[in-house]
Amino acid sequence: MCSGSFAKCLGATLVPLSVLCVLCNILLFFPSGKSIESKHITNEVWYFGGILGSGVLNNDCCGCCGNDNCGRRFMLGSMLFAAVGVLGSGYSVIVSAVAISSGPMCMTFRNATLTVWNTPFNKGNYLSKTSMWSACKEPVDVVSWHLTLFSILLVAGLIQVAICAVQVVNGLLGALCGDCCRCCEKTNSRIIICCISLTFRKVS
């Protein structure tokens with residue numbers, strides 16, 4: 001497959017992942033689907049890992065999505081976009097991992113005159129002990145809400161890291177060897193053979 005076409009395929013894959021991550025991050029502002037005071041929202045939600053890291057910075061990190069001309073110059077730019085995408089999705093992965101380990105902020109105590117909100121869990125100790133989830137009184141089912149959405153962000157971020165890392169290599173090959181589409185169309189060879197032949201032509 002030509003490096004430019006490959007970049008388009010990768011870019012098309014990233015778009016739905018980015019949209020999914022943005023939606024997950026937005027939903028985290030509404031624990032269990034309820035609107036609460038901003039000071040009671042889990043701290044990691046405010047780091048915008050899904051919106052910035054896996055969303056804005058990963059929107060077509062390949063730089064070729066919807067572009068018909070992905071030549072050598074464009075492939076170099078694509079490689080730079082992909083490097084930014086790796087950093088963005090890596091940031092989202094770290095934020096999600098920390099959030100999963102820390103657990104959600106929730107109401108742990110309530111009486112007629114006092115309500116207490118904090119993070120009752122420590123270093124992921126609640127992950128294998130669902131009996132501890134009852135420490136969160138409100139919002140209802142906030143622990144499962146928190147875990148589900150941050151787990152989606154974590155997995156999506158890892159996929160984005162892999163895709164953008166592949167595009168860094170693909171962009172480097174495209175920048176050094178050209179898109180190779182013409183060569184591939186004539187010889188029906190793989191891109192590596194095509195790039196090697198083009199490189200030897202330049203040397204000779």
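1. A good place to start is the inside of this predicted model: its largest cavity holds about 70 Å³ of space. With a threshold of 30 Å³ or more, the count comes to 1 cavity. If you have the structure open, that is the spot I would look at to begin with.

2. Which residues line the largest cavity? Going along the chain, they are Leu-28, Pro-31, Ile-41, Thr-42, Val-45, Pro-104, Met-105, Val-142, Trp-145 and His-146. By class, the lining has 8 nonpolar and 2 polar residues, and no charged ones. Thr-42 and His-146 are both on that list, and each gets a point of its own below.

3. His-146 sits in helix H4, which covers residues 142–177. Is His-146 buried or exposed? Its relative accessible area is 3%, so His-146 counts as buried, the cut-off being under 20%. Leaving out residues up to four places away in sequence, His-146 touches Leu-28, Thr-42, Ala-99, Ile-100, Gly-103, Pro-104 and Tyr-126. Among these, Leu-28, Thr-42 and Pro-104 also belong to the cavity lining.

4. Thr-42 belongs to the loop between H1 and H2. Thr-42 is buried too, because its relative accessible area is 8% and the limit for buried is under 20%. Setting aside neighbours within four places in sequence, Thr-42 is in contact with Gly-103, Pro-104, Met-105 and His-146. Gly-103 and Pro-104 appear among the contacts of His-146 as well, so it is worth displaying Thr-42 and His-146 together when you look at the cavity lining.

5. Now to the aromatic rings. How many aromatic pairs does a search of the whole structure find? The search gives 4. One of them joins Phe-29 and Phe-48, a tilted pair with 5.8 Å centre to centre and 40° between the planes. Phe-29 and Phe-48 are 19 residues apart, and both lie in the loop between helix H1 (3–27) and helix H2 (49–53). Phe-29 counts as buried at 15% relative accessibility, whereas Phe-48 is partly exposed, with a relative accessible area of 29%.

6. Why is the pair of Phe-121 and Tyr-126 called stacked? The ring centres are 4.5 Å apart and the planes meet at 25°, so the pair falls in that class, for which the planes must be under 30 degrees apart. Phe-121 and Tyr-126 are both buried. Tyr-126 is also one of the residues that His-146 touches. Elsewhere, ring pairs link Phe-29, Trp-46 and Phe-48 into a cluster.

7. For the wider fold, the secondary structure comes to 6 helices and 2 strands. Along the sequence, these follow the pattern α-α-α-β-β-α-α-α. Of the 204 residues in the protein, 42% are buried. Among contacts between residues at least 6 apart in sequence, 71% join residues at least 24 apart.

8. Finally, a word on confidence. The protein averages a pLDDT of 81, and 72% of the residues score at least 70. Where does pLDDT stay under 50? This is the case over residues 181–196, for which the model has 17 contacts beyond four places in sequence. Where pLDDT is low, the predicted coordinates should not be read in detail.

Notes. Residues are numbered from 1 along each chain as its sequence is written. This is a predicted model: local features need pLDDT of at least 70, side-chain atom pairs count only at pLDDT 80 or more; totals for chains, interfaces and linings use all residues. Side-chain values use heavy atoms; hydrogens and water are left out. On a 1 Å grid over the protein atoms alone, a cavity is a set of points where a 1.4 Å probe fits but cannot get out, and a pocket is an open set with protein on both sides within 12 Å along at least five of seven lines; lining residues have an atom within 4 Å of a point. Grid points are joined across faces, edges and corners, and a volume is the space filled by probe spheres set on the points. Ala, Val, Leu, Ile, Met, Phe, Trp, Tyr, Cys and Pro count as nonpolar, Asp, Glu, Lys and Arg as charged, and the others, Gly among them, as polar. Helices (H or I, at least four residues) and strands (E, at least two) are DSSP runs, numbered from the N terminus. Buried means under 20% relative accessible area, exposed over 50%, partly exposed in between (1.4 Å probe, protein chains only). Contact means heavy atoms within 4.5 Å. pLDDT is the predictor's confidence in each residue, from 0 to 100. Rings of Phe, Tyr and Trp (its six-membered ring) pair if their centres lie within 6.5 Å; planes under 30 degrees apart count as stacked, over 60 as edge-to-face and the rest as tilted.
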